[in-house]
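This briefing concerns the side-chain interactions of a single structure. Please view the sequence and the model together before reading the points below.

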Amino acid sequence: KGRVPIRIGSGLNRERPGFPDLPEGMGRTVAAGPGATTVARGQSREAGTGSRQQGWRVFGSRDGLPRSTLVTMLQDNAGNLWLGSEAGGAVRYDGLRFTTYTTDDGLADNRILAMAEDSRGNLWFGTRRGLSRFDGTAFITYTVGDGLPDSTVTAIAVDEDDGLWLGSESAGVSHCDGGAFT
């Protein structure tokens, strides 16, 4: 219930009882490499008051946000709002401060295309240069050299087993169960 197993071969197909096995050579599984780990410090700044626009409170670069277009957002289980920017990295807003994390902190790239949180509270960031996991202390970045099928991760979904489903620019959909990319 609630699960939609899929198979990837020639396109994307919903699995059903009696679904035939994929022909030999279709799809592949690669053991996930260790990734590169970097302790993250981030740049923290007290949030400004923002400005009022017709009942909305609007924050900008003067209030602590990077000078970059925001393209994605996520509220984590702790209530923090995470903002993914086009060129300024990932930003955590805890209601009082904006903390910006960039490649200097271990992110794969400063252009954040997708974000997701798993059940252990790890945040996952899809970028044009790989997939980064943030555990609250450090980033681990996975690239094609670690088995990631494509360096550009455009979408991330976490399933009930904490497996990651990744959409990419040129490799379609892939799955990571923690030990291998498929």
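The points below cover salt bridges, aromatic pairs and nonpolar cores in turn. The model is a predicted one. A search of the whole structure yields four salt bridges and eleven aromatic pairs. The largest nonpolar core comprises 13 residues.

**Salt bridges**

- Side chains of opposite charge can pair when their charged atoms come close.
- Arg129 and Asp109 form a salt bridge in which the closest N and O atoms are 3.8 Å apart. Arg129 belongs to the loop between strands S13 (123-127) and S14 (130-134), and Asp109 to the loop between strands S11 (97-101) and S12 (112-117), so this pair ties together parts that are 20 residues apart in sequence.
- The two partners have unlike surroundings: Arg129 is exposed, at a relative accessible area of 55%, whereas Asp109 is buried, at 12%.
- Arg120 and Asp162 meet in a salt bridge with an N to O distance of 3.0 Å. Because Arg120 sits in the loop between S12 and S13 and Asp162 in the loop between strands S16 (153-158) and S17 (164-168), the pair ties together parts that are 42 residues apart in sequence.
- Arg120 is exposed, with a relative accessible area of 59%, while Asp162 is buried, with a value of 13%.
- Asp118 joins Arg120 and Asp162 in a network of salt bridges.
- Glu169 pairs with Arg128 in a further salt bridge, its closest N and O atoms being 2.9 Å apart. This pair links distant parts of the chain, with Glu169 in the loop between S17 and strand S18 (173-176) and Arg128 in the loop between S13 and S14, 41 residues apart.
- Glu169 is exposed, at 53% relative accessible area, and Arg128 counts as partly exposed, at 32%.

**Aromatic pairs**

- The ring centres of Trp82 and Tyr101 lie 5.9 Å apart and the ring planes meet at 25°; the pair is therefore stacked, since planes under 30 degrees apart count as such. Trp82 is in strand S9 (residues 81-85) and Tyr101 in strand S11, 19 residues apart, and the pair thus links distant parts of the chain.
- Trp82 and Tyr101 are both buried.
- Phe134 and Phe139 form another stacked pair, at 4.5 Å centre to centre and with 25° between the planes. Both of these phenylalanines, Phe134 and Phe139, are buried.
- Ring pairs connect Trp82, Tyr101, Phe125, Phe134 and Phe139 into a cluster.

**Nonpolar cores**

- In soluble globular proteins, nonpolar side chains tend to be buried together.
- Within the largest nonpolar core, of 13 residues, the members with the most contacts inside it are Leu131, Ile156, Leu164 and Leu166. The elements giving two or more residues to this core are S12, strand S15 (138-142), S16 and S17.
- When neighbours within four places in sequence are left aside, the contacts of Leu131 include Ile156, Leu164 and Leu166. Among its other contacts are Trp124, Phe125, Gly126, Ile140, Tyr142, Leu148 and Val153.
- Another core, of twelve residues, lies apart from the largest one, and its members include Ala90, Met115, Phe125 and Phe139.
- Phe125 and Phe139 therefore appear under two topics, because they are members of this twelve-residue core and also belong to the cluster of ring pairs.

Note on methods:
Residues numbered from 1 in each chain as written. Predicted model: local features only at pLDDT ≥ 70, side-chain atom pairs only at ≥ 80, totals over all residues. Heavy atoms only, no water. Salt bridge = Lys/Arg side-chain N within 4 Å of Asp/Glu carboxyl O. Helix = DSSP H or I, 4+ residues; strand = E, 2+ residues; numbered from the N terminus. Buried < 20%, exposed > 50% of the residue type's maximum accessible area, 1.4 Å probe, protein only. Phe/Tyr/Trp six-rings, centres within 6.5 Å; stacked < 30°, edge-to-face > 60°. Core = buried A, V, L, I, M, F, W, Y, C linked by side-chain atoms within 4.5 Å. Contact = heavy atoms within 4.5 Å.
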